[in-house]
Amino acid sequence: MTLPYRDINVHVAPESYTFTSPSSPAAPALVIDRPTGDVRLSETASVSTKRVARVSSIAGILGLIRLRLDKYAIVITKAQPIGRLKGHMVYKVISTDFLPMRERQIRDPDEDQFLFLLKTFIMSGPMYFSYSIDLTNSFQRQASIDNSAPLWMRADDRFFWNRFVQSDLIDFRRLGHRSQQGPQPAVDPFILPLIWGTLEIRPTKFKGTPLTIVLITRKARYRAGTRYFTRGLDEDGHAANYNETEQVVVLNDTGGGLGGYAGSTDMQSGKFGASEGPETQVMSYVQTRGSVPVYWSEINVLKYTPKLQIRGIETAFSAAKKHFDEQIRIYGDNYLVNLVNQKGREKRIKEAYEQMVEMLLSSKSESVSKDQLTDEKFHVVEPQTTEQELDRLHYVYFDYHHETKGMQIHRAMLLVDKLHDSLIAQQYFRGVDMPANSGLETRNFQTSVSMLARWTLDRIFVDLGLQQRGETFATTDPAFEFLFRNLWADNADTVAKAYAGTGAMKTDVTRLGKRTRQGALQDGNIAVTRYYLNNFRDGPRQDAYDLFLGAYEPGTANIGSSLVFADRRPVLIQSIPYLLAFSIFFVFLGLFSKQLPDSAVLPMRIFIFFWLIVAGWSLHFILQNGMLFVNWPKLNPRPWAIEGYQETIGKIRKGTMLGSFVAKHERGLSTARYLNAEEGKKRIE
């Protein structure tokens, strides 16, 4: 089994970057030629040190990425140990560095912006890795994987976060180079897979019994993005902002004092550690969550509630089928829990989801439960037959918003009661016994995940004999209950920050088990912050995801010679927010300026009134034409954003007040940038 190097030195020279491992002096060195960025292997003994400017120690190679003018090697300069998982040390990326291929940098606004996006939004994110254990796969999947393969080959492609930037190394590993043709297995130790998400490892005790509780959330690299700019499915069936969350309990973990390479990975025997003693047991429960699996989007127009757009359900059938085919292949039976609001704008999403499930099933059995408070408390769609694999989908809608209204959060446990039989049938993975583990897919709400994980953890403790049937750890061990709640609340914050820019809402429910007024005030603050971020800051963040994950490649993009990030709106449109700011400034200036005792009051009142009118008009114009002032992604423009922009700017041109002043064409507009987006829209339609 080939594992990544834990110690790598990078030798920086004008003609190359050379990577060696001091602990493996006989192994070939990895050389990246400058300025071409070509990858090759070289015998360590033949590496010249004459022109080496410096030698630095790094934790690993994150990958290589080509931007507009240059190629860069991204290296991990600092990694923080966060704990041991079965004796294998796990690390969090703390800092990185970009090594340019060109010795003399060429200043370019777009190149600088590309680097800014990557350093600001990606390199500062929650990325984790291990040199000796596969973090991309759940414990159950690890049990059926060939452990003799290199670590990166065993990685789950969905959660191999840096897979795109590792493409150069992987391609060289598989095909070689002009001078070194064929597979190059000596590259394997330089390829280090990372995950993005949550990884918490907490050694603790439950009723005096030592154990380790672990919570891992893996964010998928496909269709990752921000809250409103990435929704629904793509044509390949990838759901937006898809995550897999695994809750793990490790009993008799004797690997705590072992080194990073210690411990057997023979999951099937249940013997993970190298020391003698009680048999180690691993209990794991997996859930997934993602965007509702149809073609839909939310369009920002500076309103608090964005416009909701759903394309035809039939057009998304093929993509949804691909999505659930993969879900069933990996997880078995899928229980689809939907908690969106059944009234208002979210009603359309709920109905679209249900229509899609009904289309996927060969035959269905449908039931609706209601009471005095709501006409649709539960809506369940079950397959009547098992003629096809898709008949392993089970849909459950719960009117969470109505049931928990007025801080009645305890009523959320009605969902657990409804799913009781399904949770029993679903089971969980155990490292000694390995019953088939079904999958659970939740939609749109984090608290549901912790409730179902709580029920399963109670069941695990009963099965292990740590508590009696009918007991809950919430009552038998308050300290463990506190730990559990904060683990899941922290996970909710991490997941929410990745796509919404802020922590999760209603985490007081997860942390305290009840809705509080302080929590409601905090949610109000989060709502205001999200409004600002989602409208004025999420465009660059979406661009960063697209750039790092390969959805946009600067080296091959058809953008001509124009600057990618240039603001192509008419100058008059760009100036209106500044006009609003100046107007407000002059109003305050008039209100709080000291006046001479004998000065006339009327001119100052006219001055203030005039600028109040200008400020009011500017604000009204911005809100009425919100499409022009949202900070949209620039690398992969959304088709509906292009449509909305053209429609809005067309209305302004036809207006009597500004129409004659707005240029008929945007400055420097290159329609070549929009070709891919337009073609994609036509294919979808």
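1. Asp325 and Lys321 are four residues apart in helix H5 (residues 317-331), so about one helical turn separates them. In this predicted model, Asp325 forms a salt bridge with Lys321, and the closest N and O atoms are 3.0 Å apart. Asp325 counts as partly exposed because its relative accessibility is 30%. Lys321, with a relative accessible area of 34%, is likewise partly exposed.

2. A salt bridge between distant parts of the chain joins the side chains of Asp333 and Arg392, at 2.7 Å from N to O. Asp333 belongs to the loop between H5 and strand S16 (334-338), while Arg392 belongs to the loop between S18 and S19, and the two residues are 59 apart along the chain. Asp333 has 18% relative accessibility and therefore counts as buried, the limit for that class being under 20%. Arg392, at 28% relative accessibility, counts as partly exposed. Elsewhere, salt bridges that share partners join Arg141, Asp156, Arg158, Arg218, Glu244 and Glu246 into one network.

3. The side chains of Glu471 and Lys207 also meet in a salt bridge, with an N to O distance of 4.0 Å. This distance coincides with the cut-off, since a salt bridge is defined by a nitrogen within 4 Å of a carboxyl oxygen. The pair links distant parts of the chain: Glu471 is in the loop between H10 and helix H11 (473-476), Lys207 is in the loop between S10 and S11, and these positions lie 264 residues apart in numbering. Glu471 is partly exposed, its relative accessible area being 29%. Lys207 counts as partly exposed at 41% relative accessibility. For the structure as a whole, the count comes to 36 salt bridges.

4. The largest nonpolar core has 38 residues, and the members that touch the most others are Leu211, Leu415, Leu457, Phe461 and Phe480. At least two residues of this core come from each of strand S11 (209-219), strand S12 (243-251), strand S13 (281-289), strand S18 (378-383), strand S19 (393-398), helix H8 (413-418), helix H10 (446-463) and helix H12 (478-500). H10 provides the largest share of the core, with seven residues. A second, separate core of 36 residues includes Ile74, Ile76, Trp196 and Leu547.

5. Which residues are in contact with Leu211, leaving aside its neighbours within four places in sequence? They are Arg202, Pro203, Thr204, Phe206, Val249, Val250, Leu251, Phe461, Leu466 and Phe480. Among these contacts, Phe461 and Phe480 are also listed with Leu211 as core members that touch the most other members.

6. The structure holds 33 aromatic pairs. One of them is formed by Tyr5 and Phe190, an edge-to-face pair with 5.1 Å centre to centre and 80° between the planes. This pair links distant parts of the chain, with Tyr5 in the segment before strand S1 (8-13) and Phe190 in the loop between helix H4 (167-175) and strand S10 (195-206), 185 residues apart. Tyr5 counts as buried at 11% relative accessibility, and Phe190 counts as buried at 1%.

7. Phe461 and Phe480 form another edge-to-face aromatic pair, with their centres 5.5 Å apart and 65° between the planes. Phe461 lies in helix H10 and Phe480 in helix H12, so the pair, 19 residues apart, links what are classed as distant parts of the chain. Both Phe461 and Phe480 are buried. One aromatic cluster contains these two residues together with Phe206, Phe473, Phe484 and Trp488.

8. Helix H16 (residues 571-592) contains Phe592, and Tyr578 lies in helix H16 as well. Phe592 counts as exposed because its relative accessibility is 64%. Tyr578 is exposed too, with a relative accessible area of 58%. A nonpolar surface patch of about 440 Å² is made by Ile584, Phe588, Leu591 and Phe592. In general, nonpolar side chains tend to be buried together in soluble globular proteins. As for Tyr578, its C-alpha atom is separated by 9.2 Å from that of Ser618, 40 residues apart along the chain.

Note on methods
Residues numbered from 1 in each chain as written. Predicted model: local features only at pLDDT ≥ 70, side-chain atom pairs only at ≥ 80, totals over all residues. Heavy atoms only, no water. Core = buried A, V, L, I, M, F, W, Y, C linked by side-chain atoms within 4.5 Å. Buried < 20%, exposed > 50% of the residue type's maximum accessible area, 1.4 Å probe, protein only. Contact = heavy atoms within 4.5 Å. Patch = residues over 30% accessible without salt bridge, like charges linked within 9 Å, V, L, I, M, F, W, Y side chains within 5 Å. Areas by Shrake-Rupley, 256 points an atom, 1.4 Å probe, with all protein chains shown as cover. Phe/Tyr/Trp six-rings, centres within 6.5 Å; stacked < 30°, edge-to-face > 60°.
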